[in-house]
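What follows is a guided reading of one protein chain, meant to be taken slowly with the model open alongside the text. Please look over the sequence and the fold before going on.

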Amino acid sequence: MEVAMDGHLQAVTQAIQERFGAEIHRYAGDTSLILAAEHNVEALTVLRDEYGFDMFIAATAVDYWPQLEPRFHLLYFVYSMKHNINIMVRGPLNGRAARLRGTARGVRRSGGRRRSRARSL
C-alpha cells in the first residue's frame with residue numbers, strides 16, 4: 001500500500017524536479033531525488049536554505065560494478081526538523097570518469113552543531 005506524500009514534501013520534490021530535472025522515486029514511504037551529480041551541492045543548498053532541510057544525516061556511495069554507466073551513485077540524506085521529513089538525494093556517476101565539482105562539506109554552515117552523530121547543515 002502506497003503511503004500518501006506529505007504536502008510539504010510533495011511541494012519540495014516538485015520544485016527540485018522542475019529546477020534541476022530530478023527524477024522522483026518513492027519506495028516504502030521514502031523519497032529519493034535522482035539528479036545529475038553536478039547539481040548535488042546546489043540542490044542540497046536549496047533544500048537547506050529554501051525548504052528547511054536543516055540536518056545533514058549522512059553521505060555514502062554505491063558501486064554497481066560491473067556496470068559502468070552509471071557505475072556509482074552518491075547518496076546524501078537530509079532531514080527537516082521543522083517538518084519531520086527526510087529526503088535522499090542521489091547522483092549517478094560515470095565509472096570511467098567519476099568526478100565531482102564539490103562535496104556536501106560546502107553545504108554545511110560553519111559552526112554546525114552536532115546532534116547525536118549527525119551534523120546540522
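In which loop is Asn-84 found? In this model, which is a predicted one, Asn-84 belongs to the loop between E4 and strand E5 (85-93). Its backbone deserves a look, for phi of Asn-84 is near 55°, a positive value in a residue other than glycine. Most residues other than glycine have a negative phi, and most peptide bonds are trans. Asn-84 counts as exposed, because its relative accessibility is 55% and the exposed class begins over 50%. Ala-28 also has a positive phi, here of about 50°, although it is not a glycine, and its place is in the loop between strand E1 (23-27) and strand E2 (30-34). With a relative accessible area of 65%, Ala-28 is exposed.

To set these loops in the wider fold, one may turn to the chain as a whole, which has two helices and seven strands and follows the pattern α-β-β-α-β-β-β-β-β when read along the sequence. The chain contains 121 residues, of which 34% count as buried. Among contacts between residues at least 6 apart in sequence, 51% join residues at least 24 apart.

The two helices touch each other. The axes of helix H1 (residues 7-20) and helix H2 (residues 40-51) come within 11 Å and cross at roughly 140°, and the helices are therefore oblique to each other. H1 passes H2 in a right-handed crossing. On the side of H1 the contact is made by His-8, Val-12, Ala-15, Ile-16, Arg-19 and Phe-20, while H2 contributes Glu-42, Ala-43, Val-46, Leu-47, Glu-50 and Tyr-51. Sorted by character, the residues of this contact divide into eight nonpolar, one polar and three charged.

From the helices we pass to the strands, beginning with strand E3 (residues 55-63), where Val-62 is found. Val-62 is partly exposed, with a relative accessible area of 27%, and its contacts beyond four places in sequence are with Arg-71, Phe-72, His-73 and Leu-75. Between Val-62 and Phe-72, which are 10 residues apart in sequence, the C-alpha to C-alpha distance is 5.5 Å.

His-73, one of the residues touched by Val-62, lies in strand E4 (residues 72-80). At 10% relative accessibility His-73 counts as buried, because the limit for that class is under 20%. The side chain of His-73 makes a polar contact of 2.8 Å with the side chain of Arg-90, and, leaving aside neighbours within four places in sequence, the contacts of His-73 also include Thr-60, Tyr-64 and Gly-91.

Further along strand E4 comes Phe-77, which is partly exposed, with a relative accessible area of 30%. The C-alpha atoms of Phe-77 and Ile-57 are separated by 5.3 Å, although these residues are 20 apart along the chain. Apart from residues up to four places away in sequence, Phe-77 touches Met-55, Phe-56, Ile-57, Ala-58, Thr-60, Ile-87 and Met-88.

The loop between E3 and E4 remains to be considered, and Pro-66 and Pro-70 are both found there. A cis peptide bond joins Trp-65 and Pro-66, with omega about 10°, and the peptide bond from Glu-69 to Pro-70 is likewise cis, with omega near -15°.

How values were computed: Residues are numbered from 1 along each chain as its sequence is written. This is a predicted model: local features need pLDDT of at least 70, side-chain atom pairs count only at pLDDT 80 or more; totals for chains, interfaces and linings use all residues. Side-chain values use heavy atoms; hydrogens and water are left out. Axes are lines fitted to C-alpha atoms, for helices over the stretch in contact, and angles run from 0 to 180 degrees between N-to-C directions. Helices (H or I, at least four residues) and strands (E, at least two) are DSSP runs, numbered from the N terminus. Angles under 35 degrees count as roughly parallel, over 145 as roughly antiparallel, 65 to 115 as roughly perpendicular and the rest as oblique. A crossing is left-handed if the near helix is turned anticlockwise from the far one by less than a right angle, and right-handed if clockwise. Contact means heavy atoms within 4.5 Å. Ala, Val, Leu, Ile, Met, Phe, Trp, Tyr, Cys and Pro count as nonpolar, Asp, Glu, Lys and Arg as charged, and the others, Gly among them, as polar. Buried means under 20% relative accessible area, exposed over 50%, partly exposed in between (1.4 Å probe, protein chains only). A polar contact is a pair of N or O atoms within 3.5 Å; within protein, one must be able to donate a hydrogen and the other to accept it, and residues adjacent in sequence count only if both atoms are side-chain atoms.
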